[in-house]
Amino acid sequence: VAPRGPTGSCLGQKRYREQAMAMADKLKSLPFISDKNNPIGWFVQGGLEFAADSRRLVQRCTKPDAKEFKKIAVACSIGFAIMGFIGYTVKLVFIPINNII
């Protein structure tokens, strides 16, 4: 188990955060990487924005409880049944039409 710091966070996480901040400072010192008008900067900044948005999404996601899971499962089952019925009906209608043509 990693030793805990005064705030309760792992010291390894603190070092990682410091390294990430140092790397961000190095990236900021290169102007073409932070310029979105430059193709390289556009790619790098887009990737950083995507990573930040993805991290925010994963942190906000929660596992559904049993009631919510059951509701989602029922809705999906009904959708599958409706789509199957539509497909079966279309197939039933088009078999005689194809035989006529």
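The expected span of a helix is 1.5 Å times one less than its number of residues. This rule is applied to helix 4 in the second legend below.

**Figure 1. Overview of the predicted chain.** The model shown is predicted. Its chain holds 4 helices and 0 strands, and the order along the sequence is α-α-α-α. Of the 101 residues, 5% count as buried. The chain exposes about 9400 Å², and carbon and sulfur atoms supply 68% of that area. The mean pLDDT is 83, with 86% of the residues at 70 or more. Among the elements of the chain, helix 2 (residues 31-34) has the lowest mean pLDDT, 74, whereas helix 4 has the highest, 93. Where pLDDT is low, the predicted coordinates should not be read in detail.

**Figure 2. Span and bend of helix 4.** Helix 4 covers residues 66-100. At 1.5 Å a residue, its 35 residues should span 51 Å. The C-alpha atoms at the two ends of helix 4 lie 52 Å apart, which agrees with the expected span. The helix nevertheless bends by about 25° at Phe94. A proline, Pro96, follows Phe94 within four residues.

**Figure 3. A nonpolar patch on the surface.** Twelve side chains are listed for this view: Val74, Ile78, Ile82, Met83, Phe85, Ile86, Val90, Val93, Phe94, Ile97, Ile100 and Ile101 make a nonpolar surface patch of about 1200 Å². One of these residues, Phe94, is also the site of the bend in helix 4. Another member of the patch, Ile97, is found in helix 4. Ile97 has a relative accessibility of 36% and therefore counts as partly exposed, since that class lies between the limits of 20% for buried and 50% for exposed.

**Figure 4. The salt bridge between Arg56 and Asp53.** Side chains of opposite charge can pair when their charged atoms come close. In this chain the count comes to 1 salt bridge. The side chains of Arg56 and Asp53 form it, with a distance of 3.1 Å from N to O; the cut-off for such a pair is 4 Å. Both residues belong to helix 3 (residues 39-60). Because Arg56 and Asp53 are 3 residues apart in that helix, about one helical turn separates them. Arg56 is partly exposed, its relative accessible area being 47%. Asp53 is likewise partly exposed, at 42%.

Terms used: Residues numbered from 1 in each chain as written. Predicted model: local features only at pLDDT ≥ 70, side-chain atom pairs only at ≥ 80, totals over all residues. Heavy atoms only, no water. Patch = residues over 30% accessible without salt bridge, like charges linked within 9 Å, V, L, I, M, F, W, Y side chains within 5 Å. Areas by Shrake-Rupley, 256 points an atom, 1.4 Å probe, with all protein chains shown as cover. Buried < 20%, exposed > 50% of the residue type's maximum accessible area, 1.4 Å probe, protein only. Bend = angle between axes of the 7 residues up to and from the residue. pLDDT = per-residue confidence, 0-100.
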